[in-house]
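Student: Hi! Could we go through this structure together?
Tutor: Sure, ask away.

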Amino acid sequence: FWISLDPLPEGAALEVVRRGRRFAVCSHARPDGDAVGSMLALGMMLAALGKQADLYSADPVPQIYRGLPCAAAIRQAARVEGEYDAAILLECDGVARTRLEGLEGRLLVNIDHHASWKAFAEVNWIAEGACAVAEMVYRLTRAAGIAVTLSGASRPFMAPQSAWPQTTMCFTFSRLTAYSTTALTPPIISP
């Protein structure tokens, strides 16, 4: 296991992305705005790098988020099928939280911002200080050298704001920083 708690922890996850060509991206079952927006943003980032990303969820995208551009790209499935260089799990404290079969035996990358994290993957990037996993995806996108602009039609980095009406305010305001607001304001990754 690789647990990265250093100042630039996205480096290990970025290395997996740079080496691979095809990725499964998933988040926890019953996705909220942070999960949906972060999956979409990570999928866009991977596409901008010339990679293939298949987005999986055990449950349907909630109605409130179905209007997001590319939301239809999230496949509702019970099982991850196919050959992937890695599976990237967002906001999960274990594979079981995805409620997806077929993740066993794959190279797993765990990206999470919750204090309840567990080191279950080969690469574990935990940022308890991040207000949302979308902030971490933004950091990864910037580290990959992908431009995040205001010219796009989607708002995947608005995930925490879009999640608040539907959740129990699980995004801790005490963790909202100047970096968080910068990270979560830009609406799209330039293709």
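Student: How many residues does helix α2 have, and how far does it reach from its first C-alpha to its last?
Tutor: Helix α2, residues 33-48, has 16 residues and reaches 22 Å, close to the 22 Å expected at 1.5 Å a residue. The expected span is 1.5 Å times one less than the number of residues. Helices (H or I, at least four residues) and strands (E, at least two) are DSSP runs, numbered from the N terminus.

Student: Anything I should know about the model itself?
Tutor: It is a predicted model, where local features need pLDDT of at least 70, side-chain atom pairs count only at pLDDT 80 or more, and totals for chains, interfaces and linings use all residues. Residues are numbered from 1 along each chain as its sequence is written, and side-chain values use heavy atoms, leaving out hydrogens and water.

Student: Back to α2. Is the helix mostly covered or mostly open?
Tutor: Mostly covered: 14 of its 16 residues are buried. Buried means under 20% relative accessible area, exposed means over 50%, and partly exposed is in between (1.4 Å probe, protein chains only).

Student: And what sits at the two ends of α2?
Tutor: At the start, a side-chain oxygen of D32 reaches to within 3.2 Å of the backbone nitrogen of D34. Just after the helix, G50 takes a positive phi of about 80 degrees.

Student: Which strands go with α2 in a β-α-β unit, and what is its hand?
Tutor: β2 and β3 join α2 in a right-handed unit. Right-handed means that, with the strands pointing away from the viewer, the path from the first strand over the helix to the second runs clockwise.

Student: How do β2 and β3 pair, parallel or antiparallel?
Tutor: Strand β2 (residues 22-27) and strand β3 (residues 52-57) pair in the parallel sense over five bridges. Two strands count as paired if DSSP finds at least two bridges between them. As one example, the bridge partner of C26 is Y56 in β3.

Student: What about β3 and β4?
Tutor: Those run parallel too, with three bridges joining β3 to strand β4, residues 74-76. There, S57 stands opposite Q76 in β4.

Student: New topic: how many salt bridges are there?
Tutor: The structure holds five. A salt bridge is a side-chain nitrogen of Lys or Arg within 4 Å of a carboxyl oxygen of Asp or Glu.

Student: Why would such side chains pair up?
Tutor: Side chains of opposite charge can pair when their charged atoms come close.

Student: Which residue does R75 pair with?
Tutor: R75 pairs with D54, the closest N and O atoms being 3.1 Å apart. R75 lies in β4 and D54 in β3, so the pair ties together parts that are 21 residues apart in sequence. R75 is partly exposed at 39% relative accessibility, while D54 is buried at 6%. R22, D54 and R75 are linked in a network of salt bridges.

Student: Is there a salt bridge within a helix too?
Tutor: R19 forms one with E15, with the closest N and O atoms 2.6 Å apart. Both lie in helix α1 (residues 10-19), four residues apart, about one turn of the helix.

Student: Last one: how many disulfides are there?
Tutor: Zero, where a disulfide is a pair of cysteine sulfur atoms within 2.5 Å. As for the cysteines, C70 is partly exposed at 48% relative accessible area, and C131 is buried at 3%.

How values were computed:
A polar contact is a pair of N or O atoms within 3.5 Å; within protein, one must be able to donate a hydrogen and the other to accept it, and residues adjacent in sequence count only if both atoms are side-chain atoms.
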